[in-house]
Amino acid sequence: MELLQRLAEKKAISSIIPLLQDSEAYVRDAAIEVVGQLNVRQAVPGIIPLLQDINGDVRDKAIKVLVQFRAKEAISSIIPLLKQKDSKTRIDAMAALLQLEAKEAIPDIAALLKDSDSNVRMEALNTLREMQGTEAIPEVTALLKDNESNVRIRAIEILTLLQGKAALPAVMPLLQDKDDAVRLSALRALQELGAQESIRGIMPLLRDNNAKIRFAALALLAKIKAKEAIPGIVLLLQDSDFEVRGNAISVLEDLQGKAAIPSIMPLLKDNVGHVRLRAINSLSKLQREALIPHLVAFLHDSDDRVRIRAMGLLKEFRDENKGISEKDVIPHLLPLLQSSDKNTRYTAVATLKDLQATGAVSSIVPLLRDSEIEVRLAALESVAKLQGQEAIPTIIHFLKDKDPAIRVGAMDALVELQGKEALLHIAPLLHDEAIEVRSQTQEKLSQMQDPLLTNLINKATTLLLVLCPILAFLPLFLTGKKFFASITVFIVSAFLLYRLADASLVVPYLRKGTMWREMYQTGLLFVFAGAMFLKLSWWIIVNLFKPSTDFEEDNITSKLN
């Protein structure tokens, strides 16, 4: 082995190939391995004889390497391995022939369909399937009577694939097979083939003990439009399996149309919600008006899906003016707002909105604080559409909710309820941390305001914000009429600033009642008061010194005289 390793490292191919004939099996095995690793294809003639080696490991290794080399010249030597006593060798040989695309081996592989080992028979079936071995159809057909159910199932699948509808006569008897899985496989094969002529063989399976087979038989009869099977399908509306009952409803709807209504109606009271829902859906397609007397009962159903479907029907009937009394229905909807199922709560809120149930606003408002985002958003929209003015304080509070979607929903609701009065509340969202909130707010405000006027107000507010402190200090440097005029300009500018700030979208922090407005106003008054104090102090100083200066001038004049 060490010698082989050194030869492999040196890639001494001429020295390795003779070792394929070594007397020791482990040396021959190792030599094949090295030849494969080094990809020495010229060793193929030396490997082929090893397919008959007395050692199983050597034979297996030889097959593996020959397949690796895609050595088609080895096919004639691999085929005899299909008759080896060892089942593993037979299976490996089939796998090798498949990889080498040895179609000439199909007759020999077909012979293994009679092998005593079921694993070999299964592998032979799989190999023939991959090779598209249509010439082996007689042998495959014979396996439909195999003792092993898994072999019979595989034979059905392969025969259907190789023959198509021509396989029907052979497959049909297996509908009566003793094994459930075989009968089900035969049904599925017929379903794929869509065999109209198989109806008589399928109909007895509607009474099969296995629910899966009854279900599959229903599906097949529906696919091939087997109207002659309707009496047997009607009986399945009382089947012990709820999935079979549900499927029977759909099949009858498809095959009978409106004629199925009397048979389906009793299933509105089935003990399984899934079946009741299937019955409702079928009847809503066939004759929706037949459901109107049952709507209130549906709203009290134990199954959430049935209640949700009933609410959907209410909206549809209202849109179609089917004469539904909303006053009679709404009291039955209100309890659904407290359902433990989020989808039921959501649908109940949306339905009350669609029915314009203004009296339900007080019941919807608590859902503004629901644990589910979708329910809260639906509640916001509904309260707004129903003009629930009493909810405005709560909605304003949600403008600061931690969830961006709720903040946007609250903004939309507030605008719906207040119109332009909502501007003062929603403008701060222009500075929201979430970009989607900012963009939605900008879009909403642009719809509510004249863009030119808004732009003018924003620029004027910004300008006055800077000018007012300057105007507050300006009177200090003026005298006479200019002094009084500057005070007037300052007062008017400050007044105008505060009015514009309430309407501006640029400085929402300067709106009435905000802390920043109080601080700015205090600072502005402090600057103005400081300017007035300095002005007054200067005037006092000037007037105190002016008399003494005049007295000295009079004394000098008298002395000169």
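These are my notebook entries on a few helices, salt bridges and record features in a predicted model.

**Ground rules.** I worked with a predicted model, in which local features need pLDDT of at least 70 and side-chain atom pairs count only at pLDDT 80 or more, whereas totals for chains, interfaces and linings use all residues. Numbering starts from 1 along each chain as its sequence is written, and side-chain values use heavy atoms, with hydrogens and water left out.

**Entry 1: R307.** I looked up where R307 sits and found it in helix α21, residues 304–319. Helices here are DSSP runs (H or I, at least four residues; strands are E, at least two), numbered from the N terminus. I then asked whether R307 is buried or exposed. R307 is buried, because its relative accessible area is 11% and buried means under 20%, with exposed over 50% and partly exposed in between (1.4 Å probe, protein chains only). Its side chain reaches the backbone oxygen of D301 at 2.5 Å. I take that as a polar contact, meaning a pair of N or O atoms within 3.5 Å; within protein, one must be able to donate a hydrogen and the other to accept it, and residues adjacent in sequence count only if both atoms are side-chain atoms. Leaving aside residues up to four places away in sequence, I listed F298, L299, D301, S302, L336, S339 and T344 as touching R307. Contact means heavy atoms within 4.5 Å.

**Entry 2: helix α22.** Which residues of α22 (326–333) are buried? I noted V329, I330 and L333. They cover an arc of only 105° around the axis, so they lie on the same side of α22. The arc is taken from the directions from the helix axis to the C-beta atoms. An α-helix has 3.6 residues a turn, so residues three or four places apart point the same way. On the face turned away from the buried side I found the exposed residues K327 and D328. The cover over the buried residues of α22 includes α20 (295–299), α21 and α23 (342–354).

**Entry 3: salt bridges.** I counted a salt bridge where a side-chain nitrogen of Lys or Arg is within 4 Å of a carboxyl oxygen of Asp or Glu. The count by this rule is 28. I looked at three pairs, beginning with K88 and D60, whose closest N and O atoms are 3.4 Å apart. K88 belongs to helix α7 (87–99) and D60 to helix α5 (56–68), so this pair ties together parts that are 28 residues apart in sequence. K88 is partly exposed at 46% relative accessible area, and D60 is also partly exposed, at 22%.

Next I took D303 and R305, which meet at 3.1 Å, N to O. D303 is buried at 15%, whereas R305 is partly exposed at 42%.

The last pair was D370 and R345, with closest N and O atoms 2.9 Å apart. D370 lies in the loop between α24 (361–364) and α25 (373–385) and R345 in α23, so the pair ties together parts that are 25 residues apart in sequence. D370 is buried at 11%, and R345 is buried at 8%. Elsewhere, D29, E33 and K61 are joined into one network by salt bridges that share partners.

**Entry 4: record check.** The unreviewed UniProt entry places "transmembrane region" at residues 456–477, 483–501 and 522–541. UniProt positions are in the numbering used here, feature names are shortened, and annotations may be inferred rather than shown by experiment. For residues 456–477 I noted end C-alpha atoms 31 Å apart, with 82% helix and 0% strand. For residues 522–541 the end C-alpha atoms lie 28 Å apart, with 100% helix and 0% strand.
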